[in-house]
Amino acid sequence: MPKAKYVRESHTVMTEMVFPNDTNPLSNLMGGNLMRFMDIAGAICAQKHSNRIVVTASVDNVSFVNPIPLGNVVTLEARITRAFNTSMEVVVDVFSENIPAGVKNKTNQAFLTFVAVDQSGRPIEVSEVIPETEEEKIQYEKALHRRQLRLLMAGRLNPTDTEELKKTFFEHSASI
Ligand SMILES: CC(C)(COP(=O)(O)OP(=O)(O)OC[C@H]1O[C@@H](n2cnc3c(N)ncnc32)[C@H](O)[C@@H]1OP(=O)(O)O)[C@@H](O)C(=O)NCCC(=O)NCCS
């Protein structure tokens, strides 16, 4: 297994400006363009962690709560939360900033999973993640549960496969 790495070693910040070509008829950034930015920022982070080519395996739900208007600056921050065998979970936070008005808001967050692959596209082992801060440690712990839920949704895991999923699906529903 490659040497374990800290979260900060692959921390990625990407900045974009919303131009007319990126917007919908209401002059706000199109959702698909934002997802593209999130995918790129997340992939760069996963590449830095693994030093490999990576492919996007899944994107957890993305909610578009606040629109990002034309002319605003979009900042995307990507951090790895945990690596498993060949896959890595990365969280991407999105901020929208109106620089002349001095206003900056967080608009979105999503968890993306990337898989490191060799030149033939075959999955390849990645370094473990070492969480340092309290927040990194919390996200590291929660990443396992998120992974199980997403593999369940992808039809790659059964609810009875792990004790944690059994608790989520059977013990909770039995107590309602
Ligand atoms: C992702 C991909 C490499 C997985 O290949 P595979 O043959 O299923 O390989 P494996 O079963 O060995 O799985 C490899 C890893 O992918 C993870 N994975 C597969 N499907 C997943 C999904 N839907 N969500 C999250 N992780 C997933 C597995 O859990 C495994 O992780 P682990 O090694 O850390 O346990 C393959 O499906 C692929 O190349 N997909 C297309 C990727 C792509 O083109 N992305 C851009 C989309 S536009």
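The secondary structure of this protein, taken from a predicted model, comes to 3 helices and 7 strands, and read along the sequence these elements follow the pattern β-β-α-β-β-β-β-β-α-α. Along its principal axes, the C-alpha trace spans about 50 × 45 × 35 Å. A ligand is present, and it sits in the largest pocket, whose volume is about 440 Å³.

**Polar contacts and burial of the ligand**

- The shell around the ligand numbers 16 residues, of which Thr 56, Asn 85, Thr 86, Ser 87 and Arg 156 come nearest.
- Arg 156 places a polar side-chain atom 2.4 Å from an oxygen atom of the ligand, and Ser 87 likewise has a polar side-chain atom at 2.7 Å from a ligand oxygen atom.
- Asn 85 approaches through its backbone, with an N or O atom that lies 2.9 Å from an oxygen atom of the ligand.
- Taken alone, the ligand exposes 940 Å², and the protein buries 55% of that area.

**Make-up of the ligand shell**

- Three elements each supply at least two residues of the shell around the ligand, namely strand 3 (53-59), strand 6 (103-117) and helix 2 (134-153).
- Strand 3 provides the largest share of this shell, with 4 residues.
- By class, the residues around the ligand divide into 7 nonpolar, 6 polar and 3 charged.

**The largest pocket**

- With a volume of about 440 Å³, the largest pocket is lined by 20 residues, and the closest of these to its centre are Ala 57, Ser 87, Thr 113, Leu 151 and Arg 156.
- Ser 87 and Arg 156 are thus named both among the residues that come nearest to the ligand and among the lining residues closest to the centre of the largest pocket.
- Strand 3, strand 5 (87-98), strand 6 and helix 2 each contribute at least two residues to the lining of the largest pocket.
- The lining of the largest pocket comprises 10 nonpolar, 5 polar and 5 charged residues.

**The second largest pocket**

- The second largest pocket has a volume of about 160 Å³, and its lining consists of Val 7, Arg 79, Ile 80, Thr 81, Val 91, Asp 93, Gln 109, Thr 133, Glu 135, Glu 136 and Gln 139.
- Strand 4 (73-83), strand 5 and helix 2 each supply at least two residues of the lining of the second largest pocket.
- Strand 5 and helix 2 therefore appear in the accounts of both linings, since each supplies at least two residues to the largest pocket and at least two to the second largest pocket.
- Sorted by class, the lining of the second largest pocket has 3 nonpolar, 4 polar and 4 charged residues.

Methods
Residues numbered from 1 in each chain as written. Predicted model: local features only at pLDDT ≥ 70, side-chain atom pairs only at ≥ 80, totals over all residues. Heavy atoms only, no water. Near = heavy atom within 4 Å. Polar contact = N/O pair within 3.5 Å; in protein donor to acceptor, adjacent residues only side chain to side chain. Areas by Shrake-Rupley, 256 points an atom, 1.4 Å probe, with all protein chains shown as cover. 1 Å grid on protein atoms, 1.4 Å probe; cavity = no way out; pocket = protein on both sides within 12 Å on 5 of 7 lines; lining within 4 Å. Sits in = over half its atoms within 2 Å of the grid points. Nonpolar A, V, L, I, M, F, W, Y, C, P; charged D, E, K, R; others polar. Points joined across faces, edges and corners; volume = space filled by probe spheres on them.
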